[in-house]
Amino acid sequence: MNRYTQYMYSYPHKTAYGSLSGITLFDYKEYLAGPGHSLYVHVPFCQSKCGYCNLFSLTGQKKETRDEYLDAIERQIRQYKEILSQAGTCFSDLTVGGGTPLLLGREQLKRMFDLIFSELDFQKERQIIIETAPNQTTREKLEVLKEAGVTRVSMGIQSFIDSELETLNRRHRGEQARKALCLLKEMDFPCLNLDFIYGIPGQTKDSLMASLTEALTFEPDEIFLYPLYVRRGVAMEKSLKEGMVLDEEQAFSQYKEARDMLLSAGFRQDSMRRFVKAEKKRDYETCGLGTSLALGCGGRSYLGNLHFCTPYGVTISQCERELKNYMETEDFTRICHGILLSEEEMKRRYLIRHLFIRPGLSIRDYRERFQGEALEDFSILKDWIDEGYLELVKEKNLKGGEEFLSLTEEGMGLSDFLGPKLISRQVQKKMEEWGMDHGKTDSFIPGDFKKL
């Protein structure tokens, strides 16, 4: 069993997208009517490219390029505004991701927030989420975040051990992470999330526990634990070819040790990766059919059965090309790259988006949305119940005690093994075709946790 087949953070993956024609944002404005929508802004700039990173990001971009990028976002907002005004769109939350958003200078950050909040409508109780990294977490930039009303800051630490950071090709060191955390605690944001990685070559259970134990001294509200993936085309692939080995059994053992430690420290586990302070209220929210609009190059928009974004890229040349194309775009309302999901694919997306997050999939909600039974539509779920990966549970404190399909403890730890089994043959074929077109014969199912 390869427990670390693929991280299903969304469905379908961007490698299943393709060229679209004859579609504009005007055609889908009904999906943006009224309140309750999400806005995502992608800032694709980084100080350096981490060894495992396959996100849309670029290094070495000068201030002038970052200014030009904000110019393009301003044009995009102004073009979208006509449609959003007609639809009466009101956003409930804003997420700024990357890249490293705080690589923007102080004035650039202020400009970004001022532009968004002056041109677009948000609900009064809005959530504002942003990512950062230790080297970019400065007092003057955090002051901008406080002024903008940021409610959640997520920082990628990955490890406090310098040798492990070097293996990952992280630019910061443990001491810089500690200083950044002290600043974040001083600023007292409503929610602080910290990211860590396990399965790093050379990492031990003891070193992982040391990093997590130190993290707890800063009292984070959430901790995300990620297994190390080394996909085709990233910098660490060279190290694997030169003999570095990812040990799946060791990684899984580290996961279990870290999970048990966090549970005993007063966290609950909401997904294979996400651990939240137990006293934080868990609100059941349906997802997978919501609307999200992206600004910038590299972010995805979800409007009903239409998903769209700039073409997927990992290498420097691919990202540079798409950044140039984005900044030269004249009409942002034309949708040229994405996918139109069938009813079957919408069911799969809904299932994946709920099943791997506690409390799981509401039997009643699925029935009401799709006029069918999840256990009948996806017979594999019955197999997972028999194998001990899934169970039917009643959540007394959620929705009147209704029934959910929920991952067992064993199933939760196998999320990256189970999730890919729900990919349809049609989507898998598109992903494989993308892989063949880009010289990646294994598409997006890489040789993770084994020697290439």
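## Reading helix packing and a buried histidine

Trainee: How do I read the way helix 1 and helix 9 cross?

Mentor: Keep in mind that this is a predicted model. Two packed helices are described by the angle between their axes and the distance between those axes. Here, the axes of helix 1 (residues 63–87) and helix 9 (residues 316–327) come within 9 Å and cross at roughly 50°. That angle falls in neither the parallel, antiparallel nor perpendicular range, so helix 1 and helix 9 are oblique to each other.

Trainee: Which residues make that contact?

Mentor: Helix 1 supplies T65, E68, Y69, A72, I73, R75 and Q76, while helix 9 supplies L323, Y326 and M327. By class, the contact of helix 1 with helix 9 has six nonpolar, two polar and two charged residues.

Trainee: And how are helix 1 and helix 2 oriented to each other?

Mentor: The axes of helix 1 and helix 2 (residues 106–119) come within 11 Å and cross at roughly 0°. Angles under 35 degrees count as roughly parallel, so helix 1 and helix 2 are roughly parallel. Among the residues that meet are K63, R66 and D67 in helix 1 and Q108, R111 and M112 in helix 2. This contact of helix 1 with helix 2 has six nonpolar, one polar and nine charged residues.

Trainee: Now for one residue: is H42 buried or exposed?

Mentor: H42 lies in strand 2 (residues 35–43). Its relative accessibility is 4%, so H42 counts as buried. The side chains of H42 and Y40 share a polar contact of 2.8 Å. A polar atom of the H42 side chain also lies 2.9 Å from the backbone oxygen of F56.

Terms used: Residues numbered from 1 in each chain as written. Predicted model: local features only at pLDDT ≥ 70, side-chain atom pairs only at ≥ 80, totals over all residues. Heavy atoms only, no water. Helix = DSSP H or I, 4+ residues; strand = E, 2+ residues; numbered from the N terminus. Buried < 20%, exposed > 50% of the residue type's maximum accessible area, 1.4 Å probe, protein only. Polar contact = N/O pair within 3.5 Å; in protein donor to acceptor, adjacent residues only side chain to side chain. Axes fitted to C-alpha atoms, helices over the stretch in contact; angles between N-to-C directions. Parallel < 35°, antiparallel > 145°, perpendicular 65-115°, else oblique. Contact = heavy atoms within 4.5 Å. Nonpolar A, V, L, I, M, F, W, Y, C, P; charged D, E, K, R; others polar.
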